[in-house]
Each structure stands twice: as C-alpha cells, then as structure tokens.
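Student: I would like a close look at a single part of this model. Please keep to geometry and accessibility.

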Amino acid sequence: MNTLELAVRPGDDIPISSIELWCIHGDCDYHWLITYTHPSGNTTSVSREKNVSIKWIKDIPREKAIATISFPVTYWCPDLRTLASHTWNSFEQRDYKCTDFVYFLLWEYKRREFIQDAEDQMQSLLRRMAAVQEELSAFYVPGHLEQFQAPLSKVQSDLKVGVLIFSPLKDRVLLVKRSERDSHGNIWECPGGGIEQNDKSIVQGAVRECREETQLHISAFIDVVHENWLKGDRQVRKFIFIADVHESKEPEQMLTKVVLNPAEHQQFQWAKRTEIENMDEAMFFPKQKGIILDAFAFLGTPGW
C-alpha cells in the first residue's frame with residue numbers, strides 16, 4: 001500500500017463511483033476508514049487515528065476488510081480532489097480517532113448530499129460499528145475449558161499460550177515463521193506468547209496473542225494441549241488451544257486475512273498434515289510438530 005499523492009491540477013481529478021465504510025485490522029485493532037471506488041475499479045481510502053495526520057492509501061485489497069457498509073453516491077458526486085480539500089480543511093487540526101473521523105465525515109457527506117442515505121443508515125451507524133467490534137470480540141469457551149476463564153490474580157512470567165487455527169474444512173493449519181532477528185529465528189510455530197499484565201484470564205491472553213500476531217479473532221475454543229519444560233530452574237507451562245475464528249465465516253477469504261506483525265514473524269502458511277509430516281522436526285519450535293499432528297488426529301480430518 002502506498003500513500004496517494006493527490007492531484008494538483010483540475011485535469012488530474014479522480015472521479016468516484018461509490019463510497020464505503022471499511023473496518024480493517026490496524027494498530028487499534030478495529031480500524032475504520034472510508035474507501036472510495038473509482039470507475040476504473042481502483043480504490044482510495046482515507047482515515048486517521050488520534051494524534052496522527054490524515055492518511056490517504058490506494059488499493060487496499062478488498063479481502064482485508066472485516067466488514068463493509070456501503071453508501072451509494074449521488075450522480076453528481078464530486079471528485080476525490082474536492083473531497084480531499086474538504087477533509088483537510090475540516091479535520092486536519094482536530095483530535096479525532098478513526099471512529100470519530102469517519103463518522104463525522106460521512107455525516108458531512110450526507111449533509112452536502114454527496115451520498116444517498118435512503119435507508120437512513122447514518123442514524124444507526126455508530127451502533128452498527130460498535131456491533132461489528134462486539135461480534136469480533138465475543139468468543140465461546142466450552143465447559144471442559146472453563147478453568148481457563150478463571151481470573152488471574154497476578155501475571156505469571158512462566159505461563160505461555162498458543163493457538164492452533166485450522167481452515168474451515170479443517171484440512172490446513174496456520175503456521176507462522178519467527179523473525180530472523182527473534183529468538184529461535186526462522187522457526188515455524190503456532191501463534192502465541194506470554195501472558196501479560198492486562199490479561200484477565202488464560203483464554204483472554206490467547207485471544208490477545210492470536211489477534212496481535214495474526215489479526216484473526218477467536219470465536220470459540222475447542223480443546224487444549226498442555227506443554228511443560230524447564231527454563232533454568234523454573235518450570236514453564238504452555239497451553240496450546242485448538243480454536244475457531246470469526247473470519248472462518250468467509251471461507252473463501254479467510255486464508256488471505258492473516259496480517260503478521262513483522263517484528264515477530266516474517267511469513268505464514270496454511271499447511272496440510274502431509275506437508276507438516278514431511279518437514280524436519282528442527283524447523284519447528286520444540287515439540288510443536290507432534291502437537292500439531294495430534295491436533296489433526298483429534299479433529300478427525302485427513303489433511304492430505
């Protein structure tokens with residue numbers, strides 16, 4: 001994605017055929033932006049966060065959007081240059097986060113009749129935006145895993161979590177490759193990490209680690225595998241959960257929705273069981289190859 005340099009001459013104006021509100025993954029987890037589609041099919045998006053300048057980005061892949069809300073444009077909708085000028089003049093000096101920014105800007109578009117709102121979407125827009133975030137934050141924990149919902153009295157530095165995420169058909173599992181500069185660099189593993197101060201429970205820590213490392217949102221926990229090892233004179237405990245994610249509701253797009261944190265991981269793959277069997281044990285974080293293959297067997301899917 002590249003920053004768009006706006007037209008400097010009237011002849012370079014970029015017409016717009018539709019305006020949509022997109023929710024994508026971002027530093028604030030749920031990042032809202034306005035996306036303009038041009039007659040050519042290309043897109044330009046605008047958003048901002050608190051204390052950050054307005055950003056124009058071109059051609060964000062549509063599959064990166066978690067949710068979309070469409071606003072038909074009027075037949076005389078102005079070009080992007082006109083909208084850009086209005087945006088800069090009205091909002092550049094204000095201290096808005098992305099949610100506030102897109103909400104107020106869309107209201108201004110409605111007032112100026114840049115967009116149609118026959119269904120009166122704007123009246124319920126904040127509620128709809130909140131509903132998207134609430135849905136993606138909700139997850140189910142079955143009875144046999146309830147112990148992992150227990151509140152944590154204090155952070156335990158030797159307590160780790162991991163998440164095994166399978167494709168909708170359960171024939172592939174998500175693997176991530178550690179950064180070259182990280183400890184155990186270039187090793188394949190499942191997403192995960194250590195429990196942190198703000199984690200209310202072990203499952204909350206797993207949800208957070210999954211979101212931070214892959215930008216996928218856990219919808220349900222299925223089962224867990226326990227792993228223990230010695231680190232010096234301390235016992236380290238790790239709980240690796242088999243889990244479903246909200247993104248699996250869109251099977252055709254799920255495999256493309258992974259967004260890595262480059263500081264931690266450099267690559268991901270959706271691997272079949274046979275592919276994992278053919279990988280050397282040394283390519284994995286210790287013991288994880290066997291744990292992953294056991295998970296395939298538990299789910300009862302061939303994974304050919």
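How many residues apart are Arg208 and Glu212 in helix α4, and what does that separation come to in helical turns?

Tutor: This is a predicted model. Arg208 and Glu212 are 4 residues apart in helix α4, so about one helical turn separates them. The two residues form a salt bridge, in which the closest N and O atoms are 3.1 Å apart. The cut-off for such a pair is 4 Å between a side-chain nitrogen of Lys or Arg and a carboxyl oxygen of Asp or Glu, so the 3.1 Å distance qualifies. Side chains of opposite charge can pair when their charged atoms come close.

Arg208 has another partner. Its side chain also meets that of Glu196 in a salt bridge, with an N to O distance of 3.3 Å. This pair links distant parts of the chain: Arg208 belongs to helix α4, which covers residues 202-214, while Glu196 is in the loop between β10 (192-194) and α4, 12 residues apart. Arg208 thus takes part in a pair within the helix and in a pair with the loop before that helix.

The accessibilities of these residues can be set side by side. Arg208 has a relative accessibility of 8% and counts as buried. Glu212 counts as partly exposed at 34%, and Glu196 is partly exposed as well, with a relative accessible area of 37%. Buried means under 20% here, which is why Arg208 falls in that class at 8%.

The two pairs belong to a wider arrangement: a network of salt bridges links Glu196, Asp199, Arg208, Glu209 and Glu212. The search of the whole structure finds 10 salt bridges.

Another salt bridge within a helix can be put beside the pair in α4. Glu277 and Arg273 meet through their side chains, at 3.7 Å from N to O. They are 4 residues apart in helix α6 (residues 273-277), so about one helical turn lies between them. Arg273 counts as buried at 19% relative accessibility, and Glu277 counts as partly exposed at 39%. The limit for buried is under 20%, so Arg273 at 19% is still in that class.

Helix α4 also contains Cys210, if its range of 202-214 is followed. The sulfur of Cys210 is 10.0 Å from the closest cysteine sulfur, that of Cys190, which is too far for a bond. A disulfide needs the two sulfur atoms within 2.5 Å, so the 10.0 Å distance excludes this pair. Cys210 counts as buried at 0% relative accessibility, and Cys190 counts as buried at 1%. The search of the whole structure finds 0 disulfides.

For the setting of this part, the chain has 7 helices and 13 strands. Of its 304 residues, 48% count as buried. Among contacts in the chain with a separation of 6 or more, 67% are between residues 24 or more positions apart. The chain exposes about 15,500 Å², and carbon and sulfur atoms supply 48% of that area.

Terms used: Residues numbered from 1 in each chain as written. Predicted model: local features only at pLDDT ≥ 70, side-chain atom pairs only at ≥ 80, totals over all residues. Heavy atoms only, no water. Buried < 20%, exposed > 50% of the residue type's maximum accessible area, 1.4 Å probe, protein only. Helix = DSSP H or I, 4+ residues; strand = E, 2+ residues; numbered from the N terminus. Contact = heavy atoms within 4.5 Å. Areas by Shrake-Rupley, 256 points an atom, 1.4 Å probe, with all protein chains shown as cover.
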